[in-house]
Amino acid sequence: MSQPHESSDSHDGTAAQVPRIRPGGFRELGPFGWAVNRIGARVTGSRDVHLFATLGRARRLFPAWLAYSGMMMPFGILDRRTTELVILRVAHLRGSVYERAHHERIGARVGLDDDEIAGTTRDPASAGWPGRLEVLLTAVDELVQAQDVSDETWAALSEYLTPGELVALVQLVTQYDGLATSLQTLRIQPDRPR
């Protein structure tokens, strides 16, 4: 049975929306999905992790997605601060309120200050980032907006990142760009604090 569509024409995540897939409970998620959701809720201080309670309804896919996502963050190749800056920039570019709010909290926990978090909403070329971060965030913009990185930006990135880190950056951006698409398309609502 299909769920109702969003209640407005806005696609920026700011309008009141109705989830297209209702977050599941134990019966819909199964033991694994339900346990992950409960642990996630405890860790984040929320009643429910709507992302887990929605994606977990695809029971066979959820464990693999969770493992892959975990390898991007928090166990990725790039350092934690850089990872969070990249994710915050993707969330900003995609207008993903859920992703942005979640990673503002995580970013603060890994040591990003308010200016750094706010800086991810500005053009990397004029935001005052040190060279490495300016190039990284410029690459994020290109990947999200053009689904590619220019040869010039790639050459600049290659001065700062190893081949493994270059692959990791592309995978991280595409993972969170795809996640923003899932959040928007499924109309996943922000988590409510306990």
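This report describes the overall fold of one protein chain and two of its helix contacts.

## Overall architecture

The structure is a predicted model. The chain contains nine helices and zero strands. Along the sequence, the elements therefore follow one another in the pattern α-α-α-α-α-α-α-α-α, each entry being a helix as defined by DSSP runs.

## Dimensions and burial

The radius of gyration of the chain is 17 Å. A compact globule of 194 residues would have a value near 16 Å, so the chain agrees with that expectation. Taken along the principal axes, the C-alpha atoms fill a box of roughly 50 × 35 × 30 Å.

Of the 194 residues in the chain, 42% are buried. Contacts can also be sorted by separation in the sequence. Among those between residues at least 6 apart, 64% join residues at least 24 apart.

## How helix packing is described

Two packed helices are described by the angle between their axes and by the distance between those axes. The following two sections apply this description to helix α9, with α3 as one partner and α8 as the other.

## Helices α3 and α9

Helix α3 covers residues 62-72, and helix α9 covers residues 163-186. The two helices pack at an angle of about 130°, and their axes are 10 Å apart. Because of this angle, α3 is oblique to α9. The crossing of α3 and α9 is left-handed.

From α3, the contact involves Trp 65, Tyr 68, Ser 69 and Met 72. These residues meet Gln 171, Leu 172, Gln 175, Tyr 176 and Leu 179 in α9. The residues of this contact comprise six nonpolar, three polar and no charged.

## Helices α8 and α9

Helix α8 covers residues 151-160. The axes of α8 and α9 come within 9 Å and cross at roughly 125°. The helices α8 and α9 are therefore oblique to each other. The crossing of α8 and α9 is right-handed.

On the α8 side, the contact is made by Trp 154, Leu 157, Ser 158 and Tyr 160. On the α9 side, it is made by Glu 165, Leu 166, Leu 169 and Val 170. The residues of the contact of α8 with α9 divide into six nonpolar, one polar and one charged.

## The two contacts side by side

Helix α9 takes part in both contacts described here. The crossing with α3 is left-handed, whereas the crossing with α8 is right-handed. Six nonpolar residues belong to the contact of α3 with α9, and six nonpolar residues belong to the contact of α8 with α9.

How values were computed:
Residues numbered from 1 in each chain as written. Predicted model: local features only at pLDDT ≥ 70, side-chain atom pairs only at ≥ 80, totals over all residues. Heavy atoms only, no water. Axes fitted to C-alpha atoms, helices over the stretch in contact; angles between N-to-C directions. Helix = DSSP H or I, 4+ residues; strand = E, 2+ residues; numbered from the N terminus. Parallel < 35°, antiparallel > 145°, perpendicular 65-115°, else oblique. Left-handed = near helix turned anticlockwise from the far one by under 90°. Contact = heavy atoms within 4.5 Å. Nonpolar A, V, L, I, M, F, W, Y, C, P; charged D, E, K, R; others polar. Rg over C-alpha atoms; globule rule 2.2 N^0.38 Å. Buried < 20%, exposed > 50% of the residue type's maximum accessible area, 1.4 Å probe, protein only.
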